[in-house]
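Open the model in your viewer and keep the sequence panel visible. The tour goes from one selection to the next.

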Amino acid sequence: MSVKNRGGSELASRNAFSRNWVLLLCLGSFCAGMFFTNRMWLVPGGERSSKFFRVADAQMKIKSEDCNPQRNGYKASIIENSRTRLSIQELNDTIADLERKLAAAMDDNESVSKGSISLENPKTDYLNLKRRKYFMVIGINTAFSSRKRRDSIRSTWMPQGEKRTKLEEEKGIIIRFVIGHSSTSGGILDKAVAAEELMNRDFLRLNHVEGYLELSAKTKTYFATAVAFWDAEFYVKVDDDVHVNLATLGSTLAAHRRKPRVYIGCMKSGPVLSQKGLKYHEPEHWIFGGEGNKYFRHATGQLYAISKDLAKYILKNQNMLHKYANEDVSLGSWFIGLDVEHVDDRKLCCGTPPDCELKAQSGNPCVASFDWKCSGICKSVERIMEVHSRCGEDENDVWSRSF
């Protein structure tokens with residue numbers, strides 16, 4: 001063999017050897033790479049990497065679902081339904097809470113809320129307040145044209161300012177002029193009363209349209225409103241041309257405080273007037289029988305008092321109580337058929353001097369004084385000061401007595 005052939009054979013042998021080693025090295029590198037790659041998936045860092053890829057895969061899946069309008073609309077519908085159910089549940093809870101508060105308001109711990117009340121502070125959340133107990137609420141029935149009458153009462157038997165506040169806090173006696181609204185809401189009459197109220201703070205405004213033929217409705221609204229707002233033992237109605245001795249009134253009512261249903265006043269049973277044009281004409285006279293019949297016993301309208309249970313009865317049944325032409329007759333009719341004690345007390349209807357003066361001098365002062373012929377004190381604006389000076393009790397009496 002020549003030198004050339006031998007050299008070429010040796011070169012080919014070395015190239016084949018090199019290729020074999022390259023293949024072995026590549027195979028070894030591949031195996032080593034696989035070995036170390038598997039190790040990386042098992043170390044803690046590898047666990048985080050695996051978690052990362054799983055999260056990324058889930059996000060991709062969510063995005064792909066969001067791209068599907070049908071699935072997206074279905075999800076939005078589910079969310080909206082959930083929100084609706086939550087809102088309904090919240091509304092039901094709110095209604096249930098209000099019903100509980102209203103039920104409590106109808107019992108001894110009532111607070112008001114009736115559409116027939118106009119609060120002195122309309123922002124007061126009276127449903128959330130535990131009302132204090134009062135002894136009596138005195139509502140003085142008045143009209144838009146009676147400003148001078150109201151001022152005459154303020155200057156005689158009705159305490160003013162701090163004294164009235166003290167009377168409420170220490171003696172539990174509430175006194176308010178009771179009036180509704182004019183037929184033209186917000187008119188000049190209503191504005192005049194609003195200005196008077198800002199000055200004196202002694203009104204109870206009713207959800208009622210004023211009118212002479214609406215006195216029965218006003219009386220019903222007054223008792224319903226008063227008992228819904230003030231928790232008292234007695235509720236009194238008096239006209240704005242009547243003189244009242246507060247201490248004597250308090251002592252008179254206190255004697256009946258253990259009676260659950262009591263109706264106190266000067267009881268009468270006058271004739272039912274069927275002839276039109278008369279002052280006390282009764283359009284429904286036929287209900288009371290034939291001509292010449294008399295009404296059932298009821299308290300005369302100048303001043304009367306009822307206990308809390310009867311006031312609550314009016315509140316709860318006001319939509320069913322019938323109204324007759326005369327408000328005192330209407331009130332008496334509402335208690336027929338009920339287990340009510342009628343108390344006829346003539347101290348609640350004394351005459352003006354000398355009648356009330358002689359009784360005061362004898363140690364038997366009157367609760368209320370007026371003239372029967374006028375259904376109140378005749379010319380009360382001019383004469384009530386005289387009645388007060390001659391028949392009125394000492395102004396310290398109301399503070400010295402315990403009710």
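**Stop 1: helix 12 and its cover**

Start with the cover of helix 12: helix 4 (147-154), strand 6 (243-244), helix 11 (355-361) and strand 10 (368-369) are among the elements that cover the buried residues of helix 12. Keep in mind that this is a predicted model.

Now select helix 12 itself, residues 380-391. Which of its residues are buried? Ser380, Ile384, Val387 and Cys391 are. These residues lie on the same side of helix 12 because they cover an arc of only 65 degrees around the axis. Turn to the other side of helix 12 and select Glu382 and Ser389, which are exposed.

Next, pick the C-alpha atoms at the two ends of helix 12. They are only 14 Å apart, although the helix has twelve residues. A straight helix would reach 16 Å at 1.5 Å a residue.

**Stop 2: from helix 4 to helix 6**

Go back to helix 4 and select Arg147, then add Glu196 in helix 6 (residues 188-200). Their side chains meet in a salt bridge, at 3.5 Å from N to O. The two residues are 49 residues apart, and the pair links distant parts of the chain.

Is Glu196 buried or exposed? Glu196 counts as buried because its relative accessibility is 3%, under the 20% cut-off. Arg147 is partly exposed, with a relative accessible area of 32%.

**Stop 3: the loop after helix 8**

Move to the loop between helix 8 (246-254) and strand 7 (262-268), and select Arg257 there. Arg257 forms a salt bridge with Glu233, with the closest N and O atoms 2.5 Å apart. Glu233 is in strand 5 (residues 231-239), 24 residues apart from Arg257. Arg257 counts as partly exposed at 33% relative accessibility, and Glu233 is partly exposed with a relative accessible area of 29%.

Stay in the loop between helix 8 and strand 7 and select Lys259. Which residue does the side chain of Lys259 meet in a salt bridge? The partner is Glu341, at 3.0 Å from N to O. Glu341 is in strand 9 (residues 341-344), and the two residues are 82 residues apart. Lys259 counts as partly exposed at 26% relative accessibility, as does Glu341 at 35%.

**Stop 4: a network**

Finally, select Arg147, Arg150, Asp151, Arg154, Glu196 and Asp202 together: salt bridges that share partners join these residues into one network. How many salt bridges does a search of the whole structure find? The search finds 27.

Definitions and conventions
Residues are numbered from 1 along each chain as its sequence is written. This is a predicted model: local features need pLDDT of at least 70, side-chain atom pairs count only at pLDDT 80 or more; totals for chains, interfaces and linings use all residues. Side-chain values use heavy atoms; hydrogens and water are left out. Helices (H or I, at least four residues) and strands (E, at least two) are DSSP runs, numbered from the N terminus. The expected span of a helix is 1.5 Å times one less than its number of residues. Buried means under 20% relative accessible area, exposed over 50%, partly exposed in between (1.4 Å probe, protein chains only). The arc is that of the directions from the helix axis to the C-beta atoms. Contact means heavy atoms within 4.5 Å. A salt bridge is a side-chain nitrogen of Lys or Arg within 4 Å of a carboxyl oxygen of Asp or Glu.
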